[in-house]
Amino acid sequence: MTQKFDVVVIGAGPGGYVAAIKAAQLGLKTACIEKYQDKEGKAALGGTCLNVGCIPSKALLDSSWKYHEAHEGFAIHGIEAKSVTIDVPAMIGRKANIVKNLTGGVATLFKANGVTLLEGHGKLLANKQVEVTGSDGKTQIVEAGSVILASGSKPIDIPPAPVDQDVIVDSTGALEFQSVPKKLGVIGAGVIGLELGSVWARLGAEVTVLEALDKFLPAADEQIAKEALKTFTKQGLKIRLGARVTGSEVKKKQVTVNFTDAEGEQKIVFDKLIVAVGRRPVTTDLLAADSGVDMDERGFIFVDDQCATSVPGVYAIGDVVRGAMLAHKASEEGIMVAERIAGHKAQMNYDLIPSVIYTHPEIAWVGKTEQQLKTEGVAVNVGTFPFAASGRAMAANDTGGMVKVIADAATDRVLGVHVIGPSAAELVQQGAIGMEFGTSAEDLGMMVFSHPTLSEALHEAALAVNGHAIHIANRKKR
Ligand code: FAD
Ligand code: AMP
């Protein structure tokens, strides 16, 4: 007999699993279909984020930072740690345990909330029927009141550097190296390339990042991007802008990468090469020809601002639709859609999705850059505060970077918060909370911030917007 559900979700990444839990919490009979299996062949929930994305990359970033600090950062505190060594398989093993805990946690949450897990590949047919094909090839059809497509994304391959997951790897392979490559190449200076390049650089690899664009971090505020490039270069990351990879050859466990830059044709030999040139939506065998769901010209499922597709009752969320490929964006879309299916009028504020790059220093921002606002013709006041003037940052010996607050010159409303420096992600979130409630720079400046905290840098940058900073000379007075 055909099983019937109020909601069927395809994909259990941070978009799909959150949507399924929320729908069940709202009293809807919910199933979630997931095909991903771990190395032991067991169903693993959590999608890219928990299995091969946000969490494992942050686990390795944290481990590698500790090693790097022991080598480079302890001496100034009077701590000698000369004989610190590294056990890469143990580091990778710790990461695997975290992944296992978290993916198992999602399974527990499904049980606790009454979400039915259907293991296998989901395909949307006509009339909101969904075909589920198990790993044994057996199929079943389920009927849904509403369907949420949350099939996510996967790494983009480029013909000049075909991934073999041995010498040339994608982001997934770069989380599994069993030793530190001596010379590591990274194609793409995006978030993933910079984070994974940082992991292995901290552990001792000589890292070269090849980026086709002439501009570094084009989505970030220019002042922050400039500071980032300066800092990473000082740290020893070789970032080559305007370098387009045109070919590669693997021989004897090494890869020769050919690229062109302003000086002509170049080549470098690496022990490993990470291809991190972006991600593309996963829609393979997801939609039957008569499902009626439209795609946009780039292969993303076409949705409106509320994530409704071209078929009534069918929604799509996360990396498989337009917008930033971020776990928190996917999850919030999942919640919005579950709420709307349950009859509530949920909306999502797409203007306030924070972006974070978990390098050291961290880079994070929310809202608009100074350049975007200039292009839009909005007059702004800008306040910055360097961590070099923060007592808390000095105590931690982590004084690189700054907080930048941008406010509307006419209304003082905060339009952007940009941070490069320690705990940038957490500081930007404070800005995002304020901005969601329409804070002015003056409001932030009037609040009491604990001392000594890194957050005081946000306070001072907000004060600096109108020339009222205390712990730094103001550029202008009012
Ligand atoms: P996914 O997480 O990709 O999940 C989709 C799921 O659907 C998968 O489990 C897949 O197996 C399943 N699926 C697909 N098709 C079918 C089908 N037909 N039937 C059944 N199941 C199917 N984002 C951040 O916000 N912060 C970070 O720090 C961050 N770090 C990252 C680091 C790396 C190395 C990578 C690769 C990504 C990172 N991301 C980060 C991005 C983040 O992982 C994604 O934006 C997020 O996982 C998208 O969620 P999703 O639910 O849309 O899709
Ligand atoms: P992101 O999409 O943020 O992950 O960034 C991927 C980066 O890879 C972009 O900045 C692209 O410009 C870059 N890129 C794409 N193809 C190539 C190539 N063939 N050589 C060098 N860089 C590339």
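**Entry 1: the five-stranded sheet**

I began with the open sheet of five strands, which in this predicted model follow the order β18-β19-β22-β21-β20 with antiparallel pairing. I then looked up the edges and found β18 (355–357) and β20 (380–386) there, each with a single partner strand, so one side of each is left without a neighbour in the sheet. For the twist I noted that neighbouring strands of this sheet are turned by 10° against each other on average, direction ignored.

I followed the edge strand β20 to its partner and counted seven bridges joining β20 to β21 (residues 402–408), with the two strands running antiparallel. To fix the register I took Asn-381, whose bridge partner in β21 is Ala-407.

Next I asked myself which strands helix α6 lies across. Helix α6 (residues 222–235) lies across β19 (362–367), β20, β21 and β22 (414–421), and I recorded that the helix runs at about 5° to β22.

**Entry 2: the three-stranded sheet**

I moved to an open sheet of three strands in the order β12-β13-β14, where the pairing is again recorded as antiparallel. The edge strands here are β12 and β14 (264–270), each of which pairs on one side only. In this sheet I read an average turn of 20° between neighbouring strands, direction ignored.

Between β12 and β13 (residues 254–261) I found seven bridges in the antiparallel sense, and as a marker of the register I wrote down Val-250, which stands opposite Val-255 in β13.

**Entry 3: the surroundings of ligand 2**

Strand β12 led me on to ligand 2, since β10 (206–211) and β12 (244–251) are the elements that give two or more residues to the shell around that ligand. I listed 14 residues surrounding ligand 2, the closest being Gly-188, Glu-211, Ala-212, Ala-243 and Val-245. By class, the shell around ligand 2 divides into nine nonpolar, three polar and two charged residues.

Which atoms of the protein lie 3.1 Å and 3.0 Å from a nitrogen atom of ligand 2? For Ala-212 I found a backbone N or O atom at 3.1 Å from a nitrogen atom of the ligand, and for Val-245 a backbone N or O atom at 3.0 Å from a nitrogen atom. With Glu-211 the contact comes from the side chain, a polar atom of which lies 2.6 Å from an oxygen atom of ligand 2. I also noted that the protein covers 73% of the 510 Å² of accessible area that ligand 2 has on its own.

**Entry 4: the surroundings of ligand 1**

I closed with ligand 1, around which I listed 38 residues, with Glu-34, Thr-48, Lys-58, Gly-122 and Ala-327 as the closest. The shell around ligand 1 holds 16 nonpolar, 17 polar and five charged residues.

Among the polar contacts, I recorded an N or O atom in the side chain of Glu-34 at 2.6 Å from an oxygen atom of ligand 1, and a polar side-chain atom of His-328 at 3.2 Å from an oxygen atom of the ligand. Ser-153 contributes a polar backbone atom, which is 3.5 Å from an oxygen atom of ligand 1. Taken alone, ligand 1 exposes 1000 Å², of which I read that the protein buries 94%.

Finally I asked which element gives the most to the shell around ligand 1. The elements that give two or more residues are β2 (30–34), α2 (47–52), α3 (54–73), β4 (121–124) and α7 (327–341), and α2 gives the most, with four residues.

Key:
Residues numbered from 1 in each chain as written. Chains lettered and ligands numbered in written order. Predicted model: local features only at pLDDT ≥ 70, side-chain atom pairs only at ≥ 80, totals over all residues. Heavy atoms only, no water. Pairing = 2+ DSSP bridges. Axes fitted to C-alpha atoms, helices over the stretch in contact; angles between N-to-C directions. Contact = heavy atoms within 4.5 Å. Near = heavy atom within 4 Å. Polar contact = N/O pair within 3.5 Å; in protein donor to acceptor, adjacent residues only side chain to side chain. Areas by Shrake-Rupley, 256 points an atom, 1.4 Å probe, with all protein chains shown as cover. Nonpolar A, V, L, I, M, F, W, Y, C, P; charged D, E, K, R; others polar.
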